[in-house]
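Student: Hi! I've got a model open and would like to talk it through with you. Can we start with the strands?
Tutor: Happy to, let's put it on screen.

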Amino acid sequence: MVGRGELTDAAWGRIAPLLPGVDGRGRPWRDHRQVINGVLWRLRTGAPWRDLPERYGPWQTAYERFARWEADGTWARLLEQAQVRDDSVGAVEWTVSVDSTISRAHQHAAGARKKGAGPGDELEDPAHSSAGQALGRSRGGLTTKIHLACDGRGLPLAVVVTAGNVNDSTVFNTVMAELRVPRTGAGRPRRRPDVVIADKAYSSRAIRQVLRGRGIRTVIPERADQKANRLRRGKAGGRPPAFDRKLYKARNVVERCFNRLKQFRAIASRFDKLAARYKAGVHLASLILWLREPIQDPLSDKT
């Protein structure tokens with residue numbers, strides 16, 4: 001019997017062949033499904049690792065595997081393979097929406113080591129430990145910002161994590177650089193969407209020029225101050241940027257995507273000290289959204 005929030009048989013069947021067979025020491029992994037369900041329980045509830053129910057096995061096992069698979073990129077690869085599968089059957093809608101959301105950081109998220117691993121903690125990678133772990137100060141306290149690009153169905157394609165006080169437009173190029181879906185056969189990974197939809201926070205000449213240079217249709221409203229400045233300059237201000245109001249209504253898919261991601265309480269509030277671990281949680285939550293999305297079997301008859 002599948003518990004609430006756990007992997008279904010269909011979802012497990014999709015990711016099981018992609019999981020590592022042995023750990024870094026050559027020892028075979030065991031109980032993958034049980035451990036992943038434990039990680040999902042923690043991600044869904046936001047509870048401390050030590051409170052993991054006994055049915056998922058030792059909490060140390062779940063934490064260690066989550067941390068190791070973050071370090072070797074397993075969670076990111078699983079998400080990528082889900083994207084590849086959908087794109088191979090034409091299910092991915094390349095009308096991409098970009099936006100960001102703020103997550104409040106719990107007090108336990110602060111205090112990552114700055115001088116490397118402590119005694120007995122080999123998973124605390126010194127390369128990941130620094131003064132800045134994507135935590136920004138605001139009036140409300142420490143915050144982390146998730147920058148996201150999602151497809152037309154509201155499924156995450158690219159994720160970037162920064163401090164909460166970082167301006168959205170400065171991270172736009174980084175988000176677009178993270179957008180990469182490999183092909184199942186020969187050919188380069190797809191990096192270029194058909195359309196990019198974003199709100200006024202991304203309204204800048206630099207962003208529009210970058211998208212225009214790549215042949216990507218831009219749907220970004222002009223800010224009031226930019227419009228006033230353009231009109232004040234008269235003919236020298238140039239023409240207003242093209243804007244499709246009807247297509248812009250589709251931007252709400254990224255808001256709905258954030259709402260679905262934040263149903264996982266460890267995403268809505270950050271408890272992880274390391275930004276890389278928090279981002280791995282976002283990757284895992286995104287993977288679950290992809291696994292839940294039904295797609296048409298390419299061998300079935302199309303009507």
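Student: How many of the ten residues of β3 are buried?
Tutor: Ten of the ten, so β3 is largely enclosed by the rest of the structure. Keep in mind that this is a predicted model.

Student: Which strand pairs with β3 over three bridges?
Tutor: That's β2, residues 136-138, and the pairing is antiparallel. As an example, R137 has L142 in β3 as its bridge partner. β2 and β3 form a hairpin, with two residues between them.

Student: And how many bridges join β3 to β4?
Tutor: Seven, with β4 covering residues 156-163 and the two strands running antiparallel. L148 has V159 in β4 as its bridge partner. These two strands form a hairpin as well, with five residues between them.

Student: Which residue in that turn has a positive phi?
Tutor: G154, at about 85°.

Student: OK, on to β1. How many bridges join β1 to β3?
Tutor: Eight, and the two run antiparallel, with β3 spanning residues 141-150. You can check the register at two places: V98 has A149 as its bridge partner in β3, and S103 stands opposite T144.

Student: Which way do β1 and β5 run, parallel or antiparallel?
Tutor: Parallel, joined by three bridges. Look at V96, which stands opposite V196 in β5.

Student: What about β1 and β7?
Tutor: Those run parallel too, with two bridges between β1 and β7, residues 269-270. R104 is the one to click on there, since its bridge partner in β7 is S269.

Student: How many residues of β1 are buried?
Tutor: Eight of the eleven in β1, residues 95-105, so this strand is largely enclosed by the rest of the structure.

Student: Let's switch to helices. Which residues of α6 are buried?
Tutor: I207, R208 and L211, in a helix that runs over residues 205-213. Seen down the axis of α6, the buried residues fall within an arc of 95°, so they line one face of the helix.

Student: And which residues are exposed on the other side of α6?
Tutor: R205 and G213.

Student: What do the buried residues of α6 pack against?
Tutor: They pack against α5 (172-178), β5 (195-197) and β6 (217-219). After α6 comes G215, whose phi is positive, near 75°.

Student: Now the second largest pocket. Which residues lie nearest its centre?
Tutor: R205, R208, R212, R239 and P241, out of 18 lining residues. The elements giving two or more residues to that lining are α6, β6 and α7 (224-232). The largest share, four residues, comes from α6.

Student: How much space lies in it?
Tutor: About 550 Å³ in the second largest pocket.

Student: And by class, what is the lining of that pocket?
Tutor: It has eight charged, seven polar and three nonpolar residues.

Student: Moving to α11, where does A275 fit in? Is A275 buried or exposed?
Tutor: A275 lies in helix α11, and it is buried, with a relative accessible area of 14%. Leaving aside neighbours within four places in sequence, A275 is in contact with Q133, A134 and R270. The C-alpha atoms of A275 and T144 are separated by 8.8 Å, although the two are 131 residues apart along the chain. You met T144 earlier, opposite S103.

Student: What about L284?
Tutor: L284 lies in α11 as well, a helix of residues 275-292. This leucine is buried, with a relative accessible area of 2%. Beyond neighbours within four places in sequence, L284 is in contact with V39, L40, L43 and W75. L284 and L78 are 206 residues apart in sequence and 8.3 Å apart in space, C-alpha to C-alpha.

Student: Last one, zooming out. How many helices and strands are there in the protein chain?
Tutor: Eleven helices and seven strands. Of the 303 residues in the protein chain, 46% are buried. Among contacts with a separation of 6 or more, 65% come from residues 24 or more positions apart.

Key: Residues numbered from 1 in each chain as written. Predicted model: local features only at pLDDT ≥ 70, side-chain atom pairs only at ≥ 80, totals over all residues. Heavy atoms only, no water. Buried < 20%, exposed > 50% of the residue type's maximum accessible area, 1.4 Å probe, protein only. Arc of directions from axis to C-beta. Contact = heavy atoms within 4.5 Å. 1 Å grid on protein atoms, 1.4 Å probe; cavity = no way out; pocket = protein on both sides within 12 Å on 5 of 7 lines; lining within 4 Å. Points joined across faces, edges and corners; volume = space filled by probe spheres on them. Nonpolar A, V, L, I, M, F, W, Y, C, P; charged D, E, K, R; others polar. Pairing = 2+ DSSP bridges.
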